[in-house]
Every structure is written in structure tokens, then in C-alpha cells.
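Reader: Hi, I'm in my first year and still learning to read these pictures. Could you take me for a close look at the inside of this one, where the nonpolar side chains meet?

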Amino acid sequence: MDITAPLMAIILAFTRIASFLYFIPLFQGRSVPTTAKIGISLSIAIYVQDQIKVPDVTTLGEYIVLIIMQIAIGLTLGYVVHMIFAIPQIAGSLLDMDMGFSSSQIMDPGSGQRISILANFYSVLFMLVFIMTGGIENLVYSIVLSFHFTEVVMFAGNINFLDTLLLTFQYMMVSAVQIALPIICAMFILNFMMLILGKIAPQLNILLNMFPIKIAVGLLFVYFTVNVAGEFFTTITENLNEQFMDVLESMFSKK
């Protein structure tokens, strides 16, 4: 029995899945042990190895090129997921700058980086919504589905791929602004009202009391908009698969 082809398929699948898991926020940092990442990647690779059509290679150099391309595909797909997961963090950072929390940072247990308070709050909220709505299962399904595409292509110079990636980046920025915009507008109105109050009654010393008032009002608006943010995060989770597949199809497009 020739085990060369199945073994090559497993190695190619493992490199794509491992590079994908390495880049997505759910598996970044030390929250998930390296052995667990390797075990998950190897398990999925064994499951999908019969779906992979290994190209005919005659030299070690050609096989190394195949492995490098699988790593590039995995990192690219992981970057798409990373951009979607950055939406709540960007929205929270915008609110932190407006409310005065940008200088107060805490450690993000997932990435191991220091981020602002509301950015961390929205990131954790999105993570909970993502898990509760079956986001992990959808990610596994998407990465398994990606093995219908195994060609060696130079997608970095593909105009269709670059356009799709740019659209995903645009979706990330627009969604983050949409989440933060209602509270930003409320804070703008509050600033305007306090400016008028400061002109009318200078003895109140509005400048001294402005920051506690902004923080209190901002947190109040965050509290009342948590349900809306949760529904928006559910929509983002549902759109993740669509963004994922659009990028995947554009990577292998011949246009």
C-alpha cells in the first residue's frame, strides 16, 4: 500500500490548518496550549486528507513550494478572521478615546497585549456571542471547506483577491464605527451642552467636572446599548462565513 500520497495530503492540510489557527484570536497567545493547537490541526488534517488532490511533484523544491503556499493560504484566511475580531476592539477604542479611558489599559488574556477598558469589554462580549452562536463550528466547517481549493496560485497579485480583501477591511472599519457612533454622538451632544453651560455659569467650573460627568454618562449609554451591541455582534458572526468564503474564492479566481 502506497502511503506517500495520503501522508503528503496530511502534511499539506496540517500546515494550512496550523497556520490558520495560529493567527486567529481564539487560539492566539498562551490561552490555548501549543500541544492542543497541534492536536486540533492534526485531527482536522487527518479528517480532510482524502479530500485533497495532491499535485504531481517530482522534486523536494516543488513540495516545499506547496507547503509554503498552504502556509500563506492559512495565514491569509486567519487574517480575515482576525480583521472581523478586531471590529469590537476598534469600536471600544473609539469610545475609550472619547470618554477618557484611552490611557487606562489592561492586559488582554487572549493576545497578551495591553488594550483599553471598553475595547477589552467589547472584545470579551463579542467572543461570548461568537461562541454561543456556533462561531467555532462555522470556522471549522469553513476551513474544511477550503480544501476544495488546493491549487498552487500566486494570489498576492490577483486583483480580484486584493479587491475582496480591501472590501473586508472596509467592512471592518464601517462596522466598528457603526457600533461606536450612537455613543459618540451622545458624547458630542453632552460636550456641546457642557460648553454652553460653562459659558452661562462660569462659576460651576465645568472643566474640572467634565471628565467624571463624561465617564458616568458614557458608561450609562454603554449599559443601555449592550443588547444592541450583542445583536450587532451576532450579525457580524453570521457574516464572517460570507467574508471568509468571498476571500477564499477570490484567492483562487483566475481573473
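Author: Sure, let's start wide and then zoom in. Of the 255 residues in the chain, 42% are buried, where buried means under 20% relative accessible area, exposed over 50% and partly exposed in between, using a 1.4 Å probe and protein chains only. Keep in mind that this is a predicted model, where local features need pLDDT of at least 70, side-chain atom pairs count only at pLDDT 80 or more, and totals for chains, interfaces and linings use all residues. Residues are numbered from 1 along each chain as its sequence is written, and side-chain values use heavy atoms, leaving out hydrogens and water.

The chain has 8 helices and 2 strands; these are DSSP runs numbered from the N terminus, with helices (H or I) of at least four residues and strands (E) of at least two. Reading from the N terminus, you meet α-α-α-β-β-α-α-α-α-α.

Now for the inside. The largest nonpolar core has 57 residues, and Phe20 and Phe233 have the most contacts inside it. A nonpolar core here is a set of buried Ala, Val, Leu, Ile, Met, Phe, Trp, Tyr and Cys residues joined through side-chain atoms within 4.5 Å. Each of α1 (4–23), α2 (34–48), α3 (60–99), α4, α5, α6, α7 (206–224) and α8 (226–251) supplies at least two residues of this core. The most comes from α3, with 12 residues. Apart from this core lies another, of 5 residues, including Leu12 and Tyr63.

Zoom in on Phe20. Leaving aside residues up to four places away in sequence, Phe20 touches Gly74, Leu77, Gly78, Val81, Leu139, Ile143 and Phe244; a contact means heavy atoms within 4.5 Å. Phe244 turns up again beside Ser142: with the same sequence neighbours left out, Ser142 touches Asn241 and Phe244. Ser142 sits in helix α5 (residues 135–145) and counts as buried because its relative accessibility is 2%.

Next, try α4, which covers residues 117–132. Its buried residues include Leu118, Tyr122, Leu125, Phe126 and Val129. In general, an α-helix has 3.6 residues a turn, so residues three or four places apart point the same way. The 16 residues of α4 should span 22 Å at 1.5 Å a residue, and the end C-alpha atoms are 23 Å apart, which agrees; the expected span is 1.5 Å times one less than the number of residues. After α4 comes Gly134, with a positive phi near 80°.
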